[in-house]
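Colleague: I would like to go through this model with you before I plan any bench work. Please keep the answers short and show how you get to them.

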Amino acid sequence: MYVFHKLNEAYPGKIFFQVGGCHRTQVDYIKVGADEKIILDAKYKPRYEKGDRGIVDDVREISGYARDKKILKALGWNTNVDGKDGKLLPDCVIIYPVVQVEENDDGEFMDDVVAGNCHHVDETLSFDSTKTVIEQCDKIKAFEGFYKIAVPLPMKKM
């Protein structure tokens with residue numbers, strides 16, 4: 001819901017949550033706008049910050065959403081003609097969390113952070129509404145039309 005709120009804040013009226021597909025599938029989000037029509041799916045795998053290890057299963061799952069006729073219809077994607085920029089299928093985005101930790105002046109993790117008592121980190125997710133979502137993502141090089149974006153999780157100030 002946090003990611004949905006932030007997406008909707010930047011792109012009001014263009015973000016749809018838990019869009020149902022065929023055979024009881026359900027994608028987390030889609031963005032439907034004149035500038036882009038994309039599929040976004042949240043994965044709770046912080047390891048994606050360090051690379052794309054283990055990403056194939058998620059790419060396969062989201063590829064299915066990009067071919068699901070009900071989801072494509074919700075996107076307003078015409079499967080009979082090339083989409084925007086000659087693409088046959090919509091771009092797909094994996095949203096993954098970044099666990100925020102606080103460091104001391106020496107660059108070492110603070111003991112109470114490691115123990116789970118983080119003081120505060122001010123970085124939070126904010127999408128730039130003057131850019132498309134894709135413009136704010138990192139390309140997943142091994143797959144065409146696949147991107148990922150990190151979501152800094154909010155931390156409670158102590």
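**Sheet, helices and cores**

Modeller: To begin in the sheet of this predicted model, strand S4 and strand S6 (residues 146-152) run parallel and are paired over seven bridges. Within that pairing, Pro 97 has a bridge partner in S6, namely Val 151.

Colleague: What is the order of the strands in the open sheet?

Modeller: The protein has four helices and six strands, in the sequence pattern α-β-β-β-α-α-β-α-β-β. The open sheet has six strands with mixed pairing, and their order is S1-S2-S3-S4-S6-S5.

Colleague: Which strands stand at the edges?

Modeller: In the order S1-S2-S3-S4-S6-S5, look for strands with a single partner strand. Such a strand stands at an edge, so one side of it is left without a neighbour in the sheet. The two are S1 (15-20) and S5 (138-139).

Colleague: How many residues lie between S1 and S2 in their hairpin?

Modeller: S1 and S2 run antiparallel, joined by five bridges. Ile 15 has Lys 31 as its bridge partner in S2, and Gly 20 has Gln 26. In the turn, His 23 has a positive phi of about 55 degrees, and the number of residues between the two strands is five.

Colleague: Which residue of S3 stands opposite Lys 31?

Modeller: S2 (residues 26-32) and S3 run antiparallel and are joined by four bridges. They form a hairpin with four residues between them. One of the bridges puts Val 32 with Lys 37 of S3, and the residue opposite Lys 31 is Ile 38.

Colleague: In which sense do S3 and S4 pair, parallel or antiparallel?

Modeller: Ile 38 also stands opposite a residue of S4, Asp 91. S3 and S4 (residues 91-98) are paired over five bridges, and the sense is parallel.

Colleague: How many residues of strand S3 are buried?

Modeller: A residue counts as buried under 20% relative accessible area. For the protein as a whole, 41% of the 158 residues meet that, and in S2 five of seven residues do. S3 (residues 37-42) is largely enclosed by the rest of the structure, because the buried count among its six residues is five.

Colleague: Which strands does helix H2 touch?

Modeller: Two helices can be described against the sheet here. H1 (residues 2-10) packs on it, touching S1, S2, S4 and S6, with its direction at about 135 degrees to that of S1. H2 packs on the sheet as well, at about 140 degrees to the direction of S3, and the strands touched are S2, S3, S4 and S6.

Colleague: Which element supplies the largest share of the largest nonpolar core?

Modeller: That core has 20 residues, and Val 27, Ile 30, Ile 39, Ile 62, Ile 71 and Ile 94 have the most contacts inside it. At least two residues come from each of S2, H2 (56-65), H3 (69-75) and S4. The largest share is four residues, and the element is S4.

Colleague: How many residues are in the other core?

Modeller: Nonpolar side chains tend to be buried together in soluble globular proteins. The other core lies apart from the largest one and includes Leu 7, Ile 38, Leu 40 and Ile 95; its residue count is 19.

Colleague: Is Lys 73 buried or exposed?

Modeller: Lys 73 lies in helix H3. Its C-alpha atom is 9.4 Å from that of Gly 21, although the two are 52 residues apart along the chain. Over 50% relative accessible area counts as exposed; Lys 73 has 70%, so the word is exposed.

Colleague: How many disulfides does the structure hold?

Modeller: Two cysteines can be compared by their cover. Cys 22 has a relative accessible area of 26% and is partly exposed, whereas Cys 92, at 1%, counts as buried. A disulfide needs two cysteine sulfur atoms within 2.5 Å, and the number held by the structure is zero.

Colleague: What part of the accessible surface belongs to carbon and sulfur atoms?

Modeller: The accessible surface of the protein is about 9,500 Å² in total. The part that belongs to carbon and sulfur atoms is 51%.

Terms used
Residues numbered from 1 in each chain as written. Predicted model: local features only at pLDDT ≥ 70, side-chain atom pairs only at ≥ 80, totals over all residues. Heavy atoms only, no water. Buried < 20%, exposed > 50% of the residue type's maximum accessible area, 1.4 Å probe, protein only. Areas by Shrake-Rupley, 256 points an atom, 1.4 Å probe, with all protein chains shown as cover. Pairing = 2+ DSSP bridges. Core = buried A, V, L, I, M, F, W, Y, C linked by side-chain atoms within 4.5 Å. Contact = heavy atoms within 4.5 Å. Axes fitted to C-alpha atoms, helices over the stretch in contact; angles between N-to-C directions.
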